[in-house]
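Hi,

Here is the structure I promised to hand over, with my notes below it. Have a look at it first, and then read on.

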Amino acid sequence: MQIARKLTDDVLAGRYQVDQALPSERTLSEQLKVSRVTARKAIDQLVEQGLVVRKRGSGNYIAPRIEQPLSNLSSFSEQLQQRGYKPGSRWLRRELVIAGADEQMSLALSPNTRVARLERLRLADDVAMAYEVSVLPATVVPDPAAIGDSLYQYLESVGKPPVRALQHIRAMNAPADLARQLGVPEGHAVLFITRIAYLENGEAVELTHSYCRSDHYDFVAEMRRG
């Protein structure tokens, strides 16, 4: 545990950079004068915390971390590509359903309106970063299977690009089902984000609930006094 805490402090202090390889178990055991089993267990704890990713046959690497400016409206895929990561999605569900009461209110829809509901894990270099549920009017997304890795790329292609959004962020502890999806321990801290995006004419086009791993996300806001 002492070794795991020291490595965690080193990662959080920036002594190791994203995608940088950690010293091998053998090197750590020699440097710290502990057994390789102890070194391996310390690294296991960092893997469980989401700070380190194991790559089979290659080694242990510092996990991706996303710094997202709150002033920019950009998609998950765009954020990752700008930082050199490979974005991806693991689809859990894509379907057309009747909008729920909260979805009707958020998107200003009439009762019994059909919506596309998109449920997926968002990946960076195959690492699960967030669990996300997006809801859009079926008039905008008549075929949910047509959505690829980037929802916003699809909206651009059909002439419905969002130009602004309202976003609410709060902290929560992951219940068992969510923790299992994200690959974190139950009760792990996550950021719960609700976003409603609007077209240029003011029409609400997207409601998204995102559950982001707090160990992978930083949200940055620039503020001015005036």
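One pairing to start from: Ile98 stands opposite Arg114 in β5. Here two strands pair if DSSP finds at least two bridges between them, and helices (H or I, at least four residues) and strands (E, at least two) are DSSP runs, numbered from the N terminus. Strand β5 covers residues 114–124, and 11 bridges join it to β4 in the antiparallel sense.

Before going further, please keep in mind that this is a predicted model, in which local features need pLDDT of at least 70 and side-chain atom pairs count only at pLDDT 80 or more, while totals for chains, interfaces and linings use all residues. Residues are numbered from 1 along each chain as its sequence is written, and side-chain values use heavy atoms, with hydrogens and water left out.

**The sheet**

β4 and β5 belong to an open, antiparallel sheet of six strands, in the order β4-β5-β6-β9-β8-β7. Its edges are β4 (87–98) and β7 (164–173), each of which pairs on one side only. On average, neighbouring strands are turned by 15° against each other, direction ignored; the axes are lines fitted to C-alpha atoms, for helices over the stretch in contact, and angles run from 0 to 180 degrees between N-to-C directions.

Towards the β7 edge, β7 and β8 are antiparallel partners over 10 bridges, with Arg170 opposite Phe192 in β8. β8 pairs with β9 over nine bridges, again antiparallel. These two strands form a hairpin with five residues between them, and Gly202 in the turn has a positive phi of about 90°. Nine of the 10 residues of β8 are buried (under 20% relative accessible area; exposed is over 50%, partly exposed in between, with a 1.4 Å probe and protein chains only).

**Aromatic residues**

What does a search of the whole structure find in the way of aromatic pairs? There are two, where rings of Phe, Tyr and Trp (its six-membered ring) pair if their centres lie within 6.5 Å; planes under 30 degrees apart count as stacked, over 60 as edge-to-face and the rest as tilted. Tyr131 and Tyr211 make a tilted pair, 5.8 Å centre to centre with 40° between the planes. Tyr131 lies in β6 and Tyr211 in β9 (residues 204–213), so this pair ties together parts that are 80 residues apart in sequence. The rings of Phe192 and Tyr211 are stacked because their centres are 4.7 Å apart and their planes at 25°. Phe192 also stands opposite Tyr211 in the strand pairing. Tyr131, Phe192 and Tyr211 form one aromatic cluster; Tyr131 and Tyr211 are buried, and so is Phe192.

Two arginines also sit over rings (CZ of Arg, or NZ of Lys, within 6 Å of the ring centre and within 35 degrees of the ring normal). The charged end of Arg94 is 4.3 Å from the ring centre of Trp91, and Arg164 lies over the face of Tyr198, at 4.3 Å from the ring centre.

**A buried leucine**

Leu136, in strand β6 (residues 127–137), has a relative accessible area of 0%. Leaving out residues up to four places away in sequence, its contacts (heavy atoms within 4.5 Å) include Val115, Leu151 and Val205. Leu136 and Val115 are 21 residues apart in sequence, yet 5.5 Å apart in space, C-alpha to C-alpha.

**The chain as a whole**

The protein chain has seven helices and 10 strands, and 45% of its 226 residues count as buried.

Happy browsing!
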